[in-house]
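Here is a walk through one protein model for someone meeting it fresh. Have the structure open beside you and follow along.

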Amino acid sequence: MNLTWEPITLDLKTTFRIAHGSSDQRFNVLVHLDEGVGEAPAVAYYGETQQVILDYLKTVPDLGDDPFDIDATLAKLPTHGSRAARAAIDVALHDLWGKRLGQPLYRLFGLNPLHLPQTTFTIAMDEPEIMAERAKESGYPLLKIKLGGEQDEAMVAAIRRATDARLRVDANAGWTRSQALELIPRLAGYGLELVEQPLAKDDIEGLRWLKDKLHAQGSTVPIFADESAQTSRDVAKLAGAVDGIVVKTMKTLGLRDGLRTIHTARAHDMQIMLSCMVETSVGVTAAAHLAPLCDYVDLDGPLLIKNDPYQGLRYNGANLTLPDAPGIGVTRN
Ligand code: MG
């Protein structure tokens with residue numbers, strides 16, 4: 001199997017500001033394995049840049065010629081360096097597997113493509129009134145609000161005044177324990193469906209403390225771990241500390257461990273949100289093949305980009321339709 005790659009520059013529709021930083025452009029890398037394609041998103045928070053991804057790809061040995069021996073092929077990948085690149089190769093291999101078998105991935109996974117939860121649309125951090133305007137303009141019935149700054153309550157209040165959409169919030173590890181304990185019940189008053197990553201990535205005991213305190217106060221807002229939950233190996237230690245986890249193929253090194261993460265979380269009675277980085281239709285459509293297994297979906301990456309090089313997952317407002325072409329099912333624009 002022949003591995004090649006293609007750096008891409010993505011222009012964002014609006015400046016993307018979250019608790020970790022802000023950006024107008026993203027520099028991802030498309031990875032091709034014969035006719036299979038995958039995407040490595042460069043996410044600074046995880047130490048991924050386009051250069052780190054390209055440097056890793058240059059170290060990948062010959063992956064052999066059998067796209068049906070997926071685990072053995074992935075075992076050949078160097079285990080240090082860009083996780084995004086490894087995720088992209090995993091996705092390209094799954095795409096190739098599906099194409100050679102002539103079937104879409106959801107069918108090979110035994111999943112029903114009609115059972116897709118609706119997706120949220122993300123409102124990045126800005127002045128509260130600007131966020132409220134974007135929320136209203138989007139027309140989305142389901143919004144994910146990025147928080148983790150000084151004006152968190154003002155942001156949620158302004159959006160609540162502007163729309164009756166269902167709201168989820170993501171603090172991106174931006175709160176201390178005491179801030180979270182004080183803010184979450186206040187924000188819950190605006191009708192939140194869930195709170196993502198209130199505390200620092202490594203503060204698992206803090207998440208457990210927070211959940212117990214909130215439950216003791218009668219709060220029923222589910223708490224989800226995103227940054228704290230990278231791969232299937234992180235699930236067990238989060239059991240009991242959070243109500244659910246956020247799965248992204250870039251964190252799980254692709255679809256293989258994405259599936260494993262979902263099943264491990266289910267075995268611990270946890271809920272699952274499927275999400276993405278700022279990714280094109282390649283990365284997001286690949287992830288969407290796991291959506292029938294998930295409770296919540298946050299796959300708006302292509303909606304944030306002006307120059308998506310591919311098309312795949314289709315959006316009708318918040319309703320998603322998976323393509324039925326073989327593999328991940330994307331086509332080049
Ligand atoms: Mg998140």
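Strands β1 and β2 make a hairpin, with two residues between them. They run antiparallel, and 12 bridges join β1 (residues 3–18) to β2 (residues 21–33). If you want one rung of that ladder to look at, try L10, whose bridge partner in β2 is R26. Keep in mind that this is a predicted model.

**The chain as a whole**

Step back for a moment. The secondary structure of the chain adds up to 11 helices and 15 strands. Its radius of gyration is 19 Å, close to the 20 Å that the globule rule gives for 333 residues, so the chain is as compact as a globular protein of that length. Along the principal axes, the C-alpha atoms fill a box of roughly 55 × 40 × 40 Å.

How much of the chain counts as buried? The figure is 59% of the 333 residues. As for the outside, the chain exposes about 13000 Å², and carbon and sulfur atoms supply 48% of that area. Contacts reach across the sequence too: of those with a separation of 6 or more, 67% are between residues 24 or more positions apart.

**The magnesium ion**

Which residues hold the magnesium ion? D170 (OD), E196 (OE) and D226 (OD) coordinate the ion, at 2.0 to 2.3 Å. Written along the sequence, the spacing of these donors is D-x25-E-x29-D. D170 belongs to strand β6 (residues 166–170) and E196 to strand β7 (residues 192–196), so this pair ties together parts that lie 26 residues apart in sequence. Both D170 and E196 are buried.

**Strands β4 and β5**

Now find strand β5 (residues 142–146). Five of its five residues are buried, so β5 is largely enclosed by the rest of the structure. Both of its faces are covered: L142, K144 and K146 sit on one side, with L143 and I145 on the other.

Next to look at is β4, which pairs with β5 in the parallel sense over three bridges. T122 lies in β4 (residues 121–123) and stands opposite K144 in β5. Is T122 buried or exposed? At 7% relative accessibility, T122 counts as buried, since the cut-off for that word is under 20%. Not counting residues up to four places away in sequence, T122 touches F16, K144, K146, D298 and D300.

**Helix α11 and two loop threonines**

Helix α11 (residues 281–288) is mostly covered, with eight of its eight residues buried. Those residues are S281, V282, G283, V284, T285, A286, A287 and A288.

T280 is in the loop between β10 (271–275) and α11. At 0% relative accessibility, T280 counts as buried. Leaving aside neighbours within four places in sequence, T280 is in contact with I8, L10, E39, P302, I305, D308 and P309. L10 is the residue from the hairpin whose partner in β2 is R26. The C-alpha atoms of T280 and L303 are separated by 8.7 Å, though these residues are 23 apart along the chain.

Another threonine, T249, is in the loop between β9 (244–247) and α10 (255–267). T249 counts as buried, at 5% relative accessibility. With neighbours within four places left out, the contacts of T249 are A87, G254, L255, G283, A287 and L290. Among them, G283 and A287 are buried residues of α11.

**The cysteines**

How many disulfides does the structure hold? Zero. C276 is in no disulfide, and the nearest cysteine sulfur, that of C294, is 12 Å away. C294 is likewise in no disulfide, and its nearest cysteine sulfur is that of C276. A disulfide would need the two sulfur atoms within 2.5 Å.

C276 is buried, with 10% relative accessibility, and C294 is buried too, with a relative accessible area of 8%.

Here are the buried threonines and cysteines from this tour side by side.

| Residue | Relative accessible area |
|---|---|
| T122 | 7% |
| T249 | 5% |
| T280 | 0% |
| C276 | 10% |
| C294 | 8% |

Definitions and conventions
Residues are numbered from 1 along each chain as its sequence is written. This is a predicted model: local features need pLDDT of at least 70, side-chain atom pairs count only at pLDDT 80 or more; totals for chains, interfaces and linings use all residues. Side-chain values use heavy atoms; hydrogens and water are left out. Donors are N, O and S atoms within 2.8 Å of the metal (3.2 Å for Na, K and Ca); water is not among the atoms, so sites may look incomplete. Helices (H or I, at least four residues) and strands (E, at least two) are DSSP runs, numbered from the N terminus. Buried means under 20% relative accessible area, exposed over 50%, partly exposed in between (1.4 Å probe, protein chains only). Contact means heavy atoms within 4.5 Å. The radius of gyration is taken over C-alpha atoms; the globule rule is 2.2 Å times the number of residues to the power 0.38. Accessible areas come from the Shrake-Rupley method with a 1.4 Å probe; for residues, only the protein chains shown count as cover. Two strands pair if DSSP finds at least two bridges between them.
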